[in-house]
Amino acid sequence: MAPQKGGGERAGQLIGTWFQGGSEGDFTVDVTLRGEVLEGNGKDEVGEFSVNGTLSGSKVTFEKKYLNAHTLYYKGEMGPDDGYAGMYSFKNNPFTAYDRFVMKFVPS
């Protein structure tokens, strides 16, 4: 289920999978949406991280910053199943993505 349009605050989880080369891993992020602002914290096999970005219409962009480590930049769009799919990169300017992700928003 996609987040509802409009203002207000909504909480939930982003549950997804990242793909890099022949590897993949699952991630879960506890998020709060305030209008179009997306903020949260999560964990995957790499470690704990924070997420900050935007969810605007059918587009999602966010930074996934691992504690005491690197930052990844995600950009994606909503698909026909109300999930999101896109690419992520170690660089944001210019955004040079070779790896991809899929995820869904699950409201609390």
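Buried means a relative accessible area under 20%, exposed means over 50%, and partly exposed covers what lies in between, using a 1.4 Å probe and protein chains only. By that yardstick, M78 is partly exposed at 27% relative accessibility. The model here is a predicted one, where local features need pLDDT of at least 70, side-chain atom pairs count only at pLDDT 80 or more, and totals for chains, interfaces and linings use all residues. Residues are numbered from 1 along each chain as its sequence is written, and side-chain values use heavy atoms, leaving out hydrogens and water.

**The chain as a whole**

- The chain has 0 helices and 8 strands, where helices (H or I, at least four residues) and strands (E, at least two) are DSSP runs numbered from the N terminus.
- Read from the N terminus, the elements go β-β-β-β-β-β-β-β.
- The radius of gyration is 13 Å, close to the 13 Å that the globule rule gives for 108 residues, so the chain is as compact as a globular protein of that length. That radius is taken over C-alpha atoms, and the rule is 2.2 Å times the number of residues to the power 0.38.
- Along its principal axes, the C-alpha trace spans about 35 × 30 × 25 Å.
- Of the 108 residues, 40% count as buried.
- Take the contacts (heavy atoms within 4.5 Å) between residues at least 6 apart in sequence: 30% of them join residues at least 24 apart.

**Strand 5 and its neighbours**

- In a regular strand the side chains alternate between the two faces of the sheet.
- Strand 5 (residues 59-66) has such an alternation: V60, F62, K64 and Y66 point to one face and are buried, while K59, T61, E63 and K65 point to the other and are not.
- On one side, strand 5 runs antiparallel to strand 4 (residues 48-56), with 8 bridges joining them; strands count as paired if DSSP finds at least two bridges between them.
- L55 is the residue standing opposite V60 of strand 5.
- Strands 4 and 5 make a hairpin with 2 residues between them, and G57 in the turn has a positive phi of about 60 degrees.
- Strand 5 is also antiparallel to strand 6 (residues 71-78), this time through 7 bridges.
- F62 has Y74 in strand 6 as its bridge partner.
- Strands 5 and 6 form a hairpin too, with 4 residues between them, and N68 in that turn has a positive phi of about 55 degrees.

**Aromatic rings**

- Searching the whole structure turns up 6 aromatic pairs. Rings of Phe, Tyr and Trp (its six-membered ring) pair if their centres lie within 6.5 Å; planes under 30 degrees apart count as stacked, over 60 as edge-to-face and the rest as tilted.
- One of them is F27 with Y74, an edge-to-face pair at 6.3 Å centre to centre with 70 degrees between the planes.
- That pair links distant parts of the chain, with F27 in strand 2 (residues 23-34) and Y74 in strand 6, 47 residues apart.
- F27 is buried at a relative accessible area of 2%, and Y74 is buried at 2%.
- Y74 also pairs edge-to-face with F101, at 4.9 Å centre to centre and 65 degrees between the planes.
- Y74 sits in strand 6 and F101 in strand 8 (residues 99-107), so this pair ties together parts that are 27 residues apart in sequence.
- Y74 and F101 are both buried.
- Ring pairs link F27, F62, Y74, Y88 and F101 into a cluster.

**A lysine over two rings**

- The charged end of K64 sits over the ring of F27, 4.7 Å from its centre; that label needs NZ of Lys or CZ of Arg within 6 Å of the ring centre and within 35 degrees of the ring normal.
- K64 lies over the face of F49 as well, at 4.7 Å from the ring centre.

**Around E39**

- E39 belongs to strand 3 (residues 37-44) and is partly exposed, with a relative accessible area of 35%.
- Leaving aside residues up to four places away in sequence, E39 touches D30, V31, T32, R34, V51 and N52.
- The side chains of E39 and R34 are joined by a polar contact of 2.7 Å. A polar contact is a pair of N or O atoms within 3.5 Å; within protein, one must be able to donate a hydrogen and the other to accept it, and residues adjacent in sequence count only if both atoms are side-chain atoms.
- E39 and E9 are 30 residues apart in sequence and 11 Å apart in space, C-alpha to C-alpha.

**Back to M78**

- M78 is part of strand 6.
- The C-alpha atoms of M78 and V102 are separated by 9.7 Å, with their positions 24 residues apart along the chain.
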